[in-house]
Amino acid sequence: MILTKESDIGSHIKKEPLCRVYYIYGEEAYLKDLCVRRLRRRAVTKGQEAFNFHRFSGKGLSMDELEQAIATLPFLSEKNCVLVEDVELDKLAKPDMERLKAILSDLPPDTVLIFSMMNVEGGPKKSAKHKAIVDLAAKNGCVCCFEKRKSGDLIRFVRERIQSRGCEISPQNAALLVERVGEDMTTLATEVRKLTAYQQKGEITRQIIEKLTAKQLEASVFELSRAIVANNVPNAIEILHELFDLKEEPVNICGVLSMAFVDLYRAKVAVVNRKSQKDILEKFDYKGRDFRVRNALRDSDRFSKAVLYQILQILSRTDEKLKSAKGDRNIMLEQAVMEIFFCRQRERKI
């Protein structure tokens, strides 16, 4: 069995008989951790953890110890739970790999074995060894894949979490929160707890969000890019100085700004060649960030392809200078931003 929807996985853990093995992987750490915790609560009787829960690090995993833990009979409980974290399958010797396959093929009915790939890439596409274990887990139990959530999913997540804590938030303000703090669900959950603890009940407004949350670097720099797109020099310089006041590294600011203009350049090339948003998403990795493509397609008509290419050259040279040259890096980056504006003005005069 393979499950990818959070609702299906939650329903399975809550209502259905537990499988003998679970293999949990994917990009979204918050959902992986939540799944493991739910499985542990369901499998291990409260107060019996010392007898019925066994935890192993996947690094240097001993097959002898794993087999012994799996064979342990549950004490005053229906299930014996074994958790293996971040098993390094590609580093397993062939005999250990064969033993692991044999273990997965013949698990006791009263044992729940959980493979949690929190910090190790664990998908079937990673290697033949990973695919073999994923296939066995799917055949004899359940594989749970948690990919990065799209912006719409994150907005729903924020609203549901806030409503469950006795407050309300509009879709627009939920989107604002995602934009300000980023798409990491662990961070979003933390910010939701902070906002609801402050408000306690009622509406969480834009003013409360702006008061209690700090913009992540990416959000602030994309705001800088929007000021450049709008040809608003004073606003761009103000945002840049705010980033400097927050002690953000100029090389990091330059890197995120380059990402924004790479998006614009890709969008411009797509438009020139009569390609669509779907074509861009198929060609490049914007998983969960398709809004960046939409915004780039919307704004790309403000630039010529030649100017966008020149801007990328400016940012590339600036990145190299920031990483190697001596001097005030804040000034270097500010000069680069002004050079971008001059580049746009020169084109308009031609």
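Confidence comes first, since this is a predicted model. The protein chain has a mean pLDDT of 84, and 98% of its residues reach 70 or more. Within the chain, the weakest spot by element is strand β1 (residues 2–3), with a mean of 72, while helix α16 (residues 305–324) comes out highest at 91.

Now go to the strands, and start with β5, which covers residues 111–116. Six of its six residues are buried, so this strand counts as mostly covered under the cut-off of less than 20% relative accessible area. Its side chains split into two sets: T111, L113 and F115 point one way, and V112, I114 and S116 point the other way. Both sets are buried.

What does β5 pair with? Strand β2 (residues 21–26) runs parallel to β5 and is joined to it by four bridges. If you want a place to look in the viewer, find I24, whose bridge partner in β5 is S116. Strand β4 (residues 80–85) also pairs with β5 in the parallel sense, over six bridges. Here C81 stands opposite V112 of β5, and V82 has L113 of β5 as its bridge partner. To get from β4 to β5, the chain passes through helix α5 (residues 94–105), and this β-α-β crossover is right-handed.

Stay with β4 for a moment. Five of its six residues are buried, so β4 is mostly covered too, by that cut-off of under 20%. Besides β5, β4 has strand β3 (residues 53–57) as a parallel partner, with five bridges between β3 and β4. One pair to check there is S57, which stands opposite E85 in β4. β3, helix α4 (residues 63–71) and β4 form a right-handed β-α-β unit.

Just past these strands there is a backbone detail to look at. Most residues other than glycine have a negative phi. D86 has a positive phi, near 55°, and is not a glycine. D86 belongs to the loop between β4 and α5. Is D86 buried or exposed? With a relative accessible area of 14%, D86 is buried. Q200 is another non-glycine residue with a positive phi, this time about 70°. You'll find Q200 in the loop between α9 (185–199) and β8 (202–203). Unlike the buried D86, Q200 counts as exposed, because its relative accessibility is 60%.

Next, the empty spaces. The structure holds one cavity of 30 Å³ or more. The volume of the largest cavity is about 50 Å³, and its lining is made up of E6, I9, G10, I13, L31, L34, C35, R38 and F146. The elements that give two or more residues to this lining are α1 (6–15) and α2 (29–43). By class, the cavity lining has six nonpolar residues, one polar and two charged.

Which residues lie nearest the centre of the largest pocket? They are F222, R226, F291, R292 and N295, out of 24 lining residues. The elements giving two or more residues to this lining are α7 (151–164), α8 (171–181), α11 (217–229), α13 (250–272) and α15 (290–299). This pocket has a volume of about 510 Å³. Its lining has 10 nonpolar, five polar and nine charged residues.

The second largest pocket holds about 370 Å³ of space. It is lined by 13 residues, and E6, S7, F157, E160 and M185 are the closest to its centre. The elements that give two or more residues here are α1, α2 and α7. α7 gives the most, with six residues. By class, the lining of the second largest pocket has five nonpolar residues, one polar and seven charged.

A couple of links are handy when you turn the model around. E6 is in the lining of the largest cavity, and E6 is also among the residues closest to the centre of the second largest pocket. Helix α7 gives residues to the lining of the largest pocket and to that of the second largest pocket.

Notes
Residues numbered from 1 in each chain as written. Predicted model: local features only at pLDDT ≥ 70, side-chain atom pairs only at ≥ 80, totals over all residues. Heavy atoms only, no water. 1 Å grid on protein atoms, 1.4 Å probe; cavity = no way out; pocket = protein on both sides within 12 Å on 5 of 7 lines; lining within 4 Å. Points joined across faces, edges and corners; volume = space filled by probe spheres on them. Nonpolar A, V, L, I, M, F, W, Y, C, P; charged D, E, K, R; others polar. Buried < 20%, exposed > 50% of the residue type's maximum accessible area, 1.4 Å probe, protein only. Pairing = 2+ DSSP bridges. Right-handed = clockwise from strand over helix to strand, strands pointing away. pLDDT = per-residue confidence, 0-100.
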